[in-house]
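Grab a coffee and work through these short exercises with the viewer open. Try each task yourself before you read the solution.

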Amino acid sequence: MAKNGPRLAVRAVIVHDDRLLLVNAYANGQSDLMCAPGGGVELGASLPDNLAREVFEETGLRIDVGAPCLVNEFHDPTAGFHQVDFYFRCTVIGSTEIAPAWQDVENIVTDRRWVTHAQMAELRVKPDSLIDIAFGDAPVSYDPLELIVR
């Protein structure tokens with residue numbers, strides 16, 4: 001278990017024109033794993049405010065944060081890492097086009113894509129339930145402790 005408890009993060013489920021926005025999960029091409037945009041929660045800001053900040057930093061998009069749709073836990077038992085992600089349904093305010101030259105302030109996200117259901121099924125994506133949350137009629141869901149994949 002993590003020394004200071006689980007890390008808290010927020011993620012955006014943004015579906016526009018039957019396409020979901022995904023970003024790379026690891027910097028510097030360490031993995032081909034994709035995930036929903038978002039990141040760590042900073043103290044003193046609400047979960048929606050943290051999410052709006054993270055999505056803007058990673059994509060340059062401004063969002064309206066809607067209802068929660070998924071809570072996912074994942075961990076790496078060998079490294080003592082444990083993270084709890086809160087997913088929210090979101091919509092883009094303004095244009096959904098991501099500027100090709102946009103740079104993540106933390107230089108982690110370098111790949112941003114709008115993907116269809118069929119395209120997503122061909123990618124390595126975490127959490128496993130994201131495809132059903134994004135494109136299905138799944139109610140608010142909870143995924144218990146899932147192993148992290150690198």
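**Exercise 1. The surface**

How many Å² does the chain expose, and what percentage of that do carbon and sulfur atoms supply?

*Solution.* Keep in mind that you're looking at a predicted model. Start with the total: the exposed area of the chain is about 8100 Å². Then split it by atom type, and carbon and sulfur atoms turn out to supply 53%. Now turn to the charges: there are 12 positive and 22 negative ones, and their mean positions lie 5 Å apart.

**Exercise 2. The overall build**

Work out the order of helices and strands, then judge how compact the chain is.

*Solution.* Step one is to count: you should get 3 helices and 8 strands. Step two is to walk along the sequence, which gives β-β-β-β-α-β-β-β-α-α-β. Step three is the compactness check. The radius of gyration is 14 Å and the globule rule gives 15 Å for 150 residues, so the chain is as compact as a globular protein of that length. For the dimensions, the C-alpha trace spans about 40 × 30 × 30 Å along its principal axes. Finally, look at who touches whom: among contacts with a separation of 6 or more, 67% join residues 24 or more positions apart.

**Exercise 3. The inside**

Find the nonpolar cores and say which elements feed the largest one.

*Solution.* First, get a feel for the interior: 44% of the 150 residues are buried. In soluble globular proteins, nonpolar side chains tend to be buried together. Next, pick out the largest nonpolar core, which has 15 residues; V13, L20, L22, Y87, M120, V125 and L130 have the most contacts inside it. Then trace the suppliers: β2 (19–24), β5 (62–76) and α3 (130–135) each give at least two residues. The largest share, 4 residues, comes from α3. There's also a second, separate core of 13 residues, including V55, L61, C90 and V92.

Now zoom in on Y87. Skipping residues up to four places away in sequence, Y87 touches, among others, V13 and L130. Its partners also include R11, A36, P68, C69 and K126.

**Exercise 4. One asparagine**

Is N50 buried or exposed?

*Solution.* Locate N50 first: this residue sits in helix α1 (residues 47–59). Now compare its relative accessible area, 1%, with the cut-off of under 20% for a buried residue. N50 is therefore buried. To see what surrounds N50, leave out neighbours within four places in sequence, and you're left with contacts to V10, G40, V41, E42 and A45.

How values were computed:
Residues numbered from 1 in each chain as written. Predicted model: local features only at pLDDT ≥ 70, side-chain atom pairs only at ≥ 80, totals over all residues. Heavy atoms only, no water. Buried < 20%, exposed > 50% of the residue type's maximum accessible area, 1.4 Å probe, protein only. Contact = heavy atoms within 4.5 Å. Core = buried A, V, L, I, M, F, W, Y, C linked by side-chain atoms within 4.5 Å. Rg over C-alpha atoms; globule rule 2.2 N^0.38 Å. Areas by Shrake-Rupley, 256 points an atom, 1.4 Å probe, with all protein chains shown as cover. Lys, Arg positive; Asp, Glu negative; His and termini not counted. Charge placed at Lys NZ, Arg CZ, Asp CG, Glu CD.
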